[in-house]
Amino acid sequence: MTDDPSTRSGTGGGSVAGSDSGTGGDVRARLEAILLIVEEPQSLVSLAAAVSAPVPAVRQAVESLVADYDGLSGGPVRGFELREVGGGWRLYVREEHDDLVSEFVNTQAPSRLSQAALETLAVIAYKQPVTRGQVASIRAVNVDSVVRTLLSRGLITEAFTDAETGAIHYATTDALLVNLGINSLDELPHISPLLDDGAGGFDTEVIR
């Protein structure tokens, strides 16, 4: 007894259709996971590499997420949006909620900054505008979480985004001046006298 060809064809066709649908949804879900934690806009190529999917599929998923967040898919308009900046994509708070978010952040009970946060803040203060990668290079450690902390405290801000690389440049805010009790960054102490000139030699432990 032979199998019914129509049954075989129908079963196979159903599996393929279901697989395509599942793959599309999986790409969307993985994209959202990545977009939730990135600090800088990511190109379609970078996102495709991150979620192991073809660029066309990622482009389609991004367009679908944009429509979903903007309420164009039948759901509500979200409090955040997926925005293209400098050739890359990143999640942002919607402009109409900026004041709400700022008020919330500013009313949180502040805690003492860690040594890592103070060192990162000093680098940004003296080198601004500076990217997170440049700060990490100077400090020789990952500064992602520290930068998020400083942003949430309102001590630094995103000054601008490089149009070519998509890298965000950070600068200090007036809140830092208030906390330091100074009127401008010109009143910061000159850093060169505070640095070791190496006249006493180098610590052999450090060299080793």
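In what order do the 3 strands of the open sheet lie?

## The sheet

The open sheet of this predicted model has the strand order β3-β5-β4, and its pairing is antiparallel. Strands here are DSSP runs of E with at least two residues, helices are runs of H or I with at least four, and both are numbered from the N terminus; two strands pair if DSSP finds at least two bridges between them. The edge strands, each pairing on one side only, are β3 (130-131) and β4 (156-161).

Between β4 and β5 (residues 168-172) there are 5 bridges in the antiparallel sense, and Glu158 stands opposite Tyr170 in β5.

## Arg90 and Glu158

Arg90, which is found in strand β2 (residues 88-93), is buried, with a relative accessible area of 11% (buried means under 20%, exposed over 50%, partly exposed in between, using a 1.4 Å probe and protein chains only). The side chain of Arg90 makes a polar contact with the side chain of Glu158 at 3.1 Å, a polar contact being a pair of N or O atoms within 3.5 Å, where within protein one must be able to donate a hydrogen and the other to accept it, and residues adjacent in sequence count only if both atoms are side-chain atoms.

## Basis of the description

Residues are numbered from 1 along each chain as its sequence is written, and side-chain values use heavy atoms, with hydrogens and water left out. Because the model is predicted, local features need pLDDT of at least 70 and side-chain atom pairs count only at pLDDT 80 or more, whereas totals for chains, interfaces and linings use all residues.
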